[in-house]
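Work through the exercises below with the structure open beside you. Each task is followed by a solution in steps.

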Amino acid sequence: MQGSCSPSARTRGQGEGGVFGGRGAVRRPPLPPPSPPPSFADLGMQKILPDTSFLAQWRDRIEAVFITHGHEDHIGALPWVLPALDPATPVYAGAFPMQLVRRRALEYNMWGDGRRFITVAVGERFALGPFECEPLRVTHSIPDCMGFALRCEHGTIVHTGDWKIDEHPLDGQTFDRAGFEALAAEGVSLFMSDSTNVLSPGRTVSEASVERRLAERVLGHAGKGRIVATQFASNVHRLGALKRAADAAGRRVCFMGMSLHAYLAAAHRVGLAPFDPAELVSAADAESLDPSQLLVVTTGSQAEPRAALALAAHGASPTLKLGADDLVLYSAKVIPGNETRVTEMMNAVAARGATIAMKRDEGLHSSGHACRDELEEVLRLVKPHHFLPVHGEYSFLCEHANLARSTGVRNTSVIRNGQMLGLSPTGTGASTAGSSLLGGAHGGRGAAPRPIGPPPAGGGRAYDVRVIGEADLTTFYNDGHRGTGTAAEMALDERTRLATDGVIVAAVDVARGPPPARGGGDARPAGPPRLRARVRLTTRAMWVDSGRFLERLVTVAESAVGRLPPDAALAAVERVVGDALRREARSYNAKRPEVVVIAHEFDPRAGAALRSRRGGDGGGGDGGGRSDRGGGDRRSDRPPPARRARPATATPTAGDMSDGGGSTDGAPSDGDAPPRRRSRPRRADGAAPPAVPAPDALLRRRKAANPREDPDAAAAAGVDVSFG
Ligand SMILES: [Zn+2]
């Protein structure tokens, strides 16, 4: 978090406190409506993590993990999910997604001997405890995508995964209508289908159409400058389309973006690559080519700051240049939330004179998710007893359920993250909660698999379907390195306040006892004992009104201390100063900055005497938490006085304080440097936070449900997302 520097804070002299006595006199203006909070990426969070405590609780009942396809939002959580499961729980995936799973598992040291990772192919049925699983081919925007059917004696569950119906997929692997039709004939108890595009009318465009439009554009730029195409790296089929277009136009293809190489290599290893990666020209060799002989494929369609396209747009890429003769093909969609930064990037591209092709009617992109007519077709095909829409915003799920009912599906459910749906056939003596397909129909891990019974006759069986419970889920955040925790542990509220309202840091030197006598030798006190304060403060990321605001802050802080009894603890000083500063900030400019107050004894012997009378400090402060603090006795080499509580908020060093202090009076008479403090780790126990939260730890930290997910975070982290 970076804040702009404020002018130096002005400091009032000690003994001048208490001049501002307008207690309650200031009328607070109403706070403005809240502005949109900064994105999680702006707050330093790179990943939003799942709460795996639910899985950990049910680990003995989880037969397997089935990966439908390799998009990041379907495999990216595995490093957090796998530790929550039994180490022997198998992970099933197709050959291509398994390559991606393997890469991720190796990265997190979770591959082991690899035996739990089992590659499956469409059409191959296999047993999973009491279930029989059958993968079905679906089309999407990444190779080797599957839906799956789970049969057991109580019925059949079908999950589509992410899908659309591409009538002319570039790899020839068509949507398995016949397979879904056969399931419908058996009878589908529960059907789950992708709701992402339920609000989009009509049908998706085939990748074959996208290939034609790309080829037209590439050939239309013959003899001119370079062509730069940006797309989701995982859409390997489209990489093939661009390669074929480049071949036809006599251009060499160069990848700029590590993930492009990674996805193509993964496809190549399992025989699904549209071309040999060795045919690519390296970025270094591309520089020697005439621009008219080059087609660059780059990541960065969402304007991720470090991606090649964003750098090139601003003239900052060492390898990719953009000029007036160049053509930029935007073969992706702008993920909601990224509109502003993508627009800014494309403005920068346009300013370089390059031609841009990104309008919808260019036809350079097709969604990987079925539109409404396709969703309706498959609902009519499968004719499930019960329908549960999945994937998409809650409103999308509701609309998908409406669509299902319009096709004659009588029973639909819409559930939120964490809710558990139980399904059991009626008339079997099995209660929904105790013996549902999703809850407890099988014997758990280690139990002998029951024989797979005949599937129920289509439509002839009634089921009891209901929500049988709700897990209390917490969202976790990762800062891109070791920092992982809840919103509270990652201080998201504090980060938001720092970003939007700034920070005030106040150092308060407290002097106790009667004011010093005037005139030197006379030791008699000049008045009754009282508490006096000298406040030094600084702000960051705040408007300070040419210093007038700072002066007000100092005045109200010193006044607040002056109203305390002479024996008030430092914690009380910090609390009243913090409250006064917050009130003043709100009154002055309707801001709610983060406020950090650290109080010191100006004469530490007075504080030590006070503590000894009380038998220790009451602690508290405005932030809670205890930690060491250095310094205190500035006059001798004796050890520092007794430690006391201070706010948990990270405090700046003394150097930071003096940076904004600008004290001209009331400084310690012996001229010692202000005490330095140690920064402290965020965790109270001092242990380094784990790179990956252990499931047990997640269990302990479960709090209020917060199902919010943010695809921007994935995009900002430079990973591919599945919205193609
Ligand atoms: Zn997907």
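Two residues are in contact, or touch, if their C-beta atoms, placed from the backbone, lie within 7 Å. The model is predicted: local features need pLDDT of at least 70 and side-chain atom pairs count only at pLDDT 80 or more, while totals for chains, interfaces and linings use all residues. Residues are numbered from 1 along each chain as its sequence is written.

**Exercise 1.** Find which residues leucine 128 touches, leaving out those up to four places away in sequence.

Solution.
Step 1. Locate the residue: leucine 128 belongs to strand 5, residues 126-128. Strands (E, at least two residues) and helices (H or I, at least four) are DSSP runs, numbered from the N terminus.
Step 2. Apply the contact rule: leucine 128 touches Glu63, Ala64 and Cys133.
Step 3. Check a distance: from leucine 128 to isoleucine 62 it is 9.8 Å, C-alpha to C-alpha, with their positions 66 residues apart in sequence.
Step 4. Classify the residue. A residue is buried if 20 or more other C-beta atoms lie within 10 Å of its own, exposed if 12 or fewer, and partly exposed in between. Leucine 128 has 17 such atoms within 10 Å, so it is partly exposed.

**Exercise 2.** Decide whether strand 12 (residues 294-298) is enclosed or open, and find its partners.

Solution.
Step 1. Count: five of the five residues of strand 12 are buried, so the strand is largely enclosed by the rest of the structure.
Step 2. Sort by face: Leu294, Val296 and Thr298 lie on one side, Leu295 and Val297 on the other, and all are buried. In a regular strand the side chains alternate between the two faces of the sheet.
Step 3. Find the partners, where strands pair if DSSP finds at least two bridges between them. Strand 10 (residues 227-230) runs parallel to strand 12 and is joined to it by four bridges; threonine 230 has threonine 298 as its bridge partner. Strand 11 (residues 252-256) is also parallel to strand 12, with five bridges, and phenylalanine 255 is partnered by valine 297.

**Exercise 3.** Which residues have the most contacts inside the largest nonpolar core?

Solution.
Step 1. Define the core: a set of buried Ala, Val, Leu, Ile, Met, Phe, Trp, Tyr and Cys residues joined through C-beta atoms within 7 Å.
Step 2. Read off the answer: the largest core has 103 residues, and Leu242, Leu295, Val297 and Val382 have the most contacts inside it.
Step 3. Look at one of them: valine 382 touches Val158, Phe180, Leu183, Ala184, Val188 and Phe191, not counting residues up to four places away in sequence.
Step 4. Another core lies apart from this one; its 37 residues include Ala557 and Val596.

**Exercise 4.** What is the strand order of the open three-stranded sheet with mixed pairing?

Solution.
Step 1. The order is 22-21-23.
Step 2. Strand 22 (532-540) and strand 23 (594-601) are at the edges with a single partner strand each, so one side of each has no neighbour in the sheet.
Step 3. Strand 21 (residues 503-511) pairs with strand 23 in the parallel sense over eight bridges, and alanine 506 stands opposite valine 597.
Step 4. Add the helix: helix 15 (residues 548-562) lies across strand 21 and strand 22, at about 145° to strand 22. Axes are lines fitted to C-alpha atoms, for helices over the stretch in contact, and angles run from 0 to 180 degrees between N-to-C directions.
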